[in-house]
Amino acid sequence: MKISRREVEKIADLSQLEYSQEEMEEFVPRFREILDHISRLDELDAQGAEPMYHGLPEEELSEDLREDEVSPVLSRKEALQNAPEALEGEFRVPKVIES
Amino acid sequence: MSQERDSGKPASGDASDGILSWTAVQLRDRLRSGQTGAEEVCEAYLEQIRRHNQDLGCFLTVDEEGAREQARQAAKRLSRDPHEAGALAGVPVAVKDNIVTKGLRTTAASKILDNFIPPYDASVVTRLRRAGAVILGKTNLDEFAMGSSTENSAYFPTRNPHDRERVPGGSSGGSAAAVAARLAPAALGSDTGGSIRQPAAFCGVSGLKPTYGRVSRYGLIAFGSSLDQIGPITRDVRDAALLMDVLAGHDPQDATSSRRPAPDFSGLLERDRKPLRIGVPRQWMGDGLQGGPDPEVKRAVQQALEHLESQGCRIEDVSLPHSEYAIAAYYIVAPAEASSNLMRYDGVRYGLRADNPRDLQDMYRRTRTQGFGDEVKRRIMLGTFVLSAGYIEAFYSKAARTRRVLLEDYRKAFAQVDLIAGPVAPTPAFKLGEKTADPWQMYLSDIYTVTANLTGIPALSVPLPPGPSGLPLALQLQAPHFQEPLLLQSARLLG
């Protein structure tokens, strides 16, 4: 598939990933090959088929949602225990708003 | 450490040889009757792990202290009332490291979760604990379960106990190799496109991918949410049934878990079996899919089918006419879901955070770029692409339609037969490094397994006698939704 390098860079941007110039050089041809393989679906006429987005066909899915009742969840302390940085019971991140 | 080439089994005469040779069902029975003790069993396995794990790379984390404590508790429960002690009281189990364990490091074999200590247990882990199982530790996998050889682990590869130069399969390679080398009597794996069945086949053990929704996914680190299922990797199908009795059932924490009552898997296994009609898709055994299976695989499958026929089963030719499109559909749907699921790794709430970020955006990007391995990045890129404006219709929606087409193929086949049989993977275990340079070659390991995930049906990998190469071989059986008991029953006809 003829995807341009610029397009691949745009996908990396959307993916929140960085590739160096050298890495891009290596990545793009392989990526194009994979796109060629998955483009195989072009040969299949599936217009009449409803898309299936779930893991089971509709008739096998459990329809009912649970009651909207409060149940125990993680405490604030537990939720923060793996945070790279926390401050006063909150996740701490680099400054977002310019002063 | 001196080692026999074929396995991690201890030399005969070893005091623990007996314990390590027992299946989970045999262990349970001996623990209940008091012939052996939970702590003795636990020590035998910890010793076996100490001796062989460095060489095989099955475990990422071994929880010696936790396992001993659980064994002590199980021993207490067993001494009070052996039959009320739980279905797995004192039976050690290994857990794939993409299933979260409270207080026990869980990495998904990724550097981005290198220091992650889960604050809760996955529902399957809660169920194991309630049943009295002893969790030995966390097994190796391809990073975030993305791979078919366990070579994508960010830590170290796992080696096949039958031939150390070969891969154990993946992504549940650590679990399958641990069971094969007797580093655990049973293990949990997860299967998004074949990740339980293919490593089970490569290592000569049993692996069951249950129906989507049969086992809770709560606490399974998400890869492809509409495809992922947790299931057992065991020495035989009786053990698979025993594990399923513990694992299966509705879970309010997982909205996709089924409300259908779980059957008595072990009980149904002992029932008389009516003769089954087994369909063999002509597309799988011919040369239609990438040239067809390797001759050794094909011969083993044919011999297994002949054996089933001699046991009264009727073998029929069936057609799954769109099989050739499954791998393309899978490598669109799975990366699409993964790209969304993996956006959560951004350095804010858990896991790695890049040093000295300039700003928030810089932190996200450098954290993800440093934390993810090449294959994970490739899948995120692929998933982001197939979901992007201008391509979503041609790729993602088309793949979703293809799932429906595959489902209709199965519906027609299952109107004719009870089960479908074929290979698990096109070849036996391949060599380390053999497929790492070309991602698509690696993806083709999954051509016979992905259809079960795309359609949600259950499927089982059953070990077969080795062929001329001496490597393990396997048969795959597939059944209609929620017909796991049929899979397990028919597998018993082979052993």
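In chain B of this predicted model, 75% of the contacts between residues at least 6 apart in sequence join residues at least 24 apart. Chain B has 18 helices and 11 strands, while the secondary structure of chain A comes to three helices and two strands. The two chains touch: 40 residues of chain A are in contact with 55 residues of chain B. The points below take up each chain, the contact between the chains, three helix pairs of chain B and two loop residues.

**Chain B overall**

- Chain B has a radius of gyration of 21 Å, which agrees with the value near 23 Å for a compact globule of 495 residues.
- The C-alpha trace of chain B spans about 65 × 65 × 45 Å along its principal axes.
- Buried residues account for 62% of the 495 residues of chain B.

**Chain A overall**

- The elements of chain A run α-α-α-β-β from the N terminus on.
- Chain A has a radius of gyration of 23 Å, whereas a compact globule of 99 residues would have one near 13 Å.
- Taken along the principal axes, the C-alpha atoms of chain A fill a box of roughly 55 × 50 × 25 Å.
- Of the 99 residues in chain A, 13% are buried.

**Contact between chains A and B**

- The contact involves 40 residues of chain A and 55 residues of chain B.
- On the side of chain A that touches chain B, the elements that give two or more residues are α1 (5–14) and α2 (21–38) of chain A.
- Helix α2(A) provides the largest share of that side, with six residues.
- By class, the residues of the side of chain A that touches chain B divide into 24 nonpolar, eight polar and eight charged.

**Helix pair α3(B) and α4(B)**

- Helix α3 (residues 38–56) of chain B packs against helix α4 (residues 64–80) of chain B at an angle of about 155°, with the axes 8 Å apart.
- Because this angle is over 145 degrees, α3(B) is roughly antiparallel to α4(B).
- The two helices, α3(B) and α4(B), make a right-handed crossing.
- From α3(B), the residues A38(B), E39(B), C42(B) and L46(B) meet a set in α4(B) that consists of E64(B), A67(B), R68(B), A71(B), R72(B), A74(B), A75(B) and L78(B).
- The contact of α3(B) with α4(B) holds eight nonpolar, no polar and four charged residues.

**Helix pair α8(B) and α18(B)**

- Helix α8 (residues 237–247) of chain B and helix α18 (residues 484–492) of chain B have axes 9 Å apart and pack at an angle of about 160°.
- That angle makes α8(B) roughly antiparallel to α18(B).
- The crossing of α8(B) and α18(B) is left-handed.
- In this contact, V237(B), A240(B), A241(B) and M244(B) of α8(B) are matched with E484(B), L488(B), A491(B) and R492(B) of α18(B).
- Six nonpolar, no polar and two charged residues make up the contact of α8(B) with α18(B).

**Helix pair α12(B) and α14(B)**

- Helix α12 (residues 326–341) of chain B packs against helix α14 (residues 374–386) of chain B at an angle of about 100°, and their axes are 7 Å apart.
- That angle makes α12(B) roughly perpendicular to α14(B).
- Helix α12(B) contributes I332(B), P335(B), A336(B), A338(B) and S339(B) to the contact, and α14(B) contributes R379(B), I380(B), L382(B), G383(B), T384(B) and V386(B).
- The contact of α12(B) with α14(B) has seven nonpolar, three polar and one charged residues.

**Loop residue P72(A)**

- P72(A) lies in the loop between α2 and α3 (76–80) of chain A.
- P72(A) counts as exposed because it has 5 C-beta neighbours inside 10 Å.
- In sequence P72(A) and L17(A) are 55 residues apart, and their C-alpha atoms are 36 Å apart in space.

**Loop residue G467(B)**

- G467(B) is located in the loop between β10 (459–464) and β11 (473–478) of chain B.
- G467(B) has 17 C-beta neighbours inside 10 Å and therefore counts as partly exposed.
- Leaving aside residues up to four places away in sequence, G467(B) touches E296(B), R299(B), A300(B) and L473(B).
- G467(B) and S225(B) are 242 residues apart along the chain, with a separation of 37 Å between their C-alpha atoms.

Technical notes: Residues numbered from 1 in each chain as written. Chains lettered and ligands numbered in written order. Predicted model: local features only at pLDDT ≥ 70, side-chain atom pairs only at ≥ 80, totals over all residues. Axes fitted to C-alpha atoms, helices over the stretch in contact; angles between N-to-C directions. Helix = DSSP H or I, 4+ residues; strand = E, 2+ residues; numbered from the N terminus. Parallel < 35°, antiparallel > 145°, perpendicular 65-115°, else oblique. Left-handed = near helix turned anticlockwise from the far one by under 90°. Contact = placed C-beta atoms within 7 Å. Nonpolar A, V, L, I, M, F, W, Y, C, P; charged D, E, K, R; others polar. Rg over C-alpha atoms; globule rule 2.2 N^0.38 Å. Buried ≥ 20, exposed ≤ 12 C-beta atoms within 10 Å, placed from the backbone.
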